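Here is a short walk through a structure, taken chain by chain and then across the place where chains meet. Keep the sequence and the 3D view open as you read.

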Amino acid sequence: MHEAKLCLELLRIAEEHRTRAGAGRITALRLQVGPLSGVSPSALARAFPICAAGTTADGALLRIDEASGRELRLADMEVI
Amino acid sequence: MCGSCGCGETGEHVHAHSSASRRILVEESLLAENERHARRLEASLRARGIDAIGLVGGPGAGKTTLLEATLVSLAEPGADAVVEGDCASDLDARRMAAVGARVTQVETGSLCHLDAHLVGHALEALDLEGVRRLWIENVGNLVCPAAFSCGEARRVVLISAAEGDDKPEKYPAILASAALMLITKSDLLPHVDFDVKRCLERVKQVAPRLPALVLSARTGEGMAEWLAWVRCGSARGEA
């Protein structure tokens, strides 16, 4: 499964936006996952805390919303 | 000390480090980076007159055997190059080399699919001079390759008679990424409970515009239509 790889990409995008916003830490992420994205939401949810450990998103809450089609995107995030 | 957040700063300052979180709108696809790589790769191949065809299917769907038979039938020395993706071994690369293709093997280790980045680097090891078709044979997997374009101009998904006619319904995402579906190993049809009509009906449900062919690389059944499809794209690429 490639969910860990996608988690790293998720963290890369989130980190880019955190830096741009001049924020210190990422506390929550909202992901939209479509049924044709080829991704298992539960596997993503399991991989996320492991991939996020030691990053600025360590301990962040990952919310996964159902989307349509092949969608797989980071909708928004919360930072402090 | 700042009264509202307890930091060492005094006076007026922005509480970027306060406990009040703020929301940032992102709206970015996790696959966007790979898509960008893939589009760049596809464009650079097209600019060189190379038609890039991706082959995806489960392990044992007959991808390598079909490719062997295809290269032998096309019989255009020097025109075909192959990127082989497998978790381990160079068995497929050796089979391709044996039928005269320029080939490079990507061993993905535990990674379950090829992506545009891997293919781009794999091409560094291939001399593409005079090549008109690049075949990208993905890791045997009907799930993960769906999400990752590899720079191919068109993708072919293979489902073999031995796998069962229910596969289109079970793996709709991979069909959504394809330009052609092949039901392979048609020589096995008399021996298995694979209903071609039912399979095609299922394809219509999940990917209504996806064309499908039935073939056997072993007996040659349906190979003429397949080769016409392959050549048609090559001709388009040259135009």
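What percentage of the 80 residues of chain A count as buried? The figure is 39%. Keep in mind that this is a predicted model.

Begin with the build of chain A. Chain A holds two helices and three strands. Read from the N terminus, its elements follow the order α-β-α-β-β. Along the principal axes, its C-alpha atoms fill a box of roughly 35 × 20 × 15 Å. The radius of gyration of chain A is 12 Å. That agrees with a compact globule, because a globule of 80 residues would have a value near 12 Å. Contacts in chain A reach far along the sequence. Among those with a separation of 6 or more, 86% join residues 24 or more positions apart.

Now turn to the sheet. It is open and has four strands, in the order β2(A)-β1(A)-β3(A)-β1(B), with mixed pairing. Its edge strands are β2 (61-66) of chain A and β1 (22-29) of chain B, and each of them pairs on one side only. From one strand to the next, the twist averages 20°. A helix lies against these strands. Helix α1 of chain A, residues 3-21, packs on the sheet. Helix α1 touches β1 and β3 of chain A, and β1 of chain B as well. Its direction makes about 40° with that of β3(A).

Look at the pairings within this sheet one at a time. In chain A, strand β1 (residues 26-33) pairs with strand β3 (residues 72-79). The sense is antiparallel, and the pairing runs over seven bridges. One position to find on screen is L29(A), which stands opposite M77(A) in β3(A). Strand β3(A) also pairs with β1(B), again antiparallel, over six bridges. Here R73(A) has S29(B) in β1(B) as its bridge partner.

That second pairing brings us to the contact between the chains. How many residues of chain A are in contact with chain B? There are 26, and they meet 26 residues of chain B. On the chain A side, the elements that give two or more residues are α1 and β3. Strand β3(A) gives the most, with eight residues. By class, this side of chain A has 14 nonpolar, seven polar and five charged residues.

Two residues of chain B deserve a stop. The first is W135(B), in strand β5 (residues 133-137) of chain B. Is W135(B) buried or exposed? W135(B) counts as buried because it has 24 C-beta neighbours inside 10 Å, and the cut-off for a buried residue is 20 or more. Beyond its neighbours within four places in sequence, W135(B) is in contact with I53(B), L55(B), L67(B), D80(B) and V82(B). V83(B) is another residue to check. It is 52 residues from W135(B) in sequence, but the two are 6.1 Å apart in space, C-alpha to C-alpha.

The second is E35(B), in helix α1 (residues 32-47) of chain B. E35(B) has 14 other C-beta atoms within 10 Å, so it is partly exposed. Its C-alpha atom is separated by 7.7 Å from that of A116(B), although their positions lie 81 residues apart along the chain as a separation.

Notes: Residues are numbered from 1 along each chain as its sequence is written. Chains are lettered from A and ligands numbered from 1 in the order in which they are written. This is a predicted model: local features need pLDDT of at least 70, side-chain atom pairs count only at pLDDT 80 or more; totals for chains, interfaces and linings use all residues. Two strands pair if DSSP finds at least two bridges between them. Axes are lines fitted to C-alpha atoms, for helices over the stretch in contact, and angles run from 0 to 180 degrees between N-to-C directions. Two residues are in contact if their C-beta atoms, placed from the backbone, lie within 7 Å. A residue is buried if 20 or more other C-beta atoms lie within 10 Å of its own, exposed if 12 or fewer, and partly exposed in between; C-beta atoms are placed from the backbone. The radius of gyration is taken over C-alpha atoms; the globule rule is 2.2 Å times the number of residues to the power 0.38. Ala, Val, Leu, Ile, Met, Phe, Trp, Tyr, Cys and Pro count as nonpolar, Asp, Glu, Lys and Arg as charged, and the others, Gly among them, as polar.
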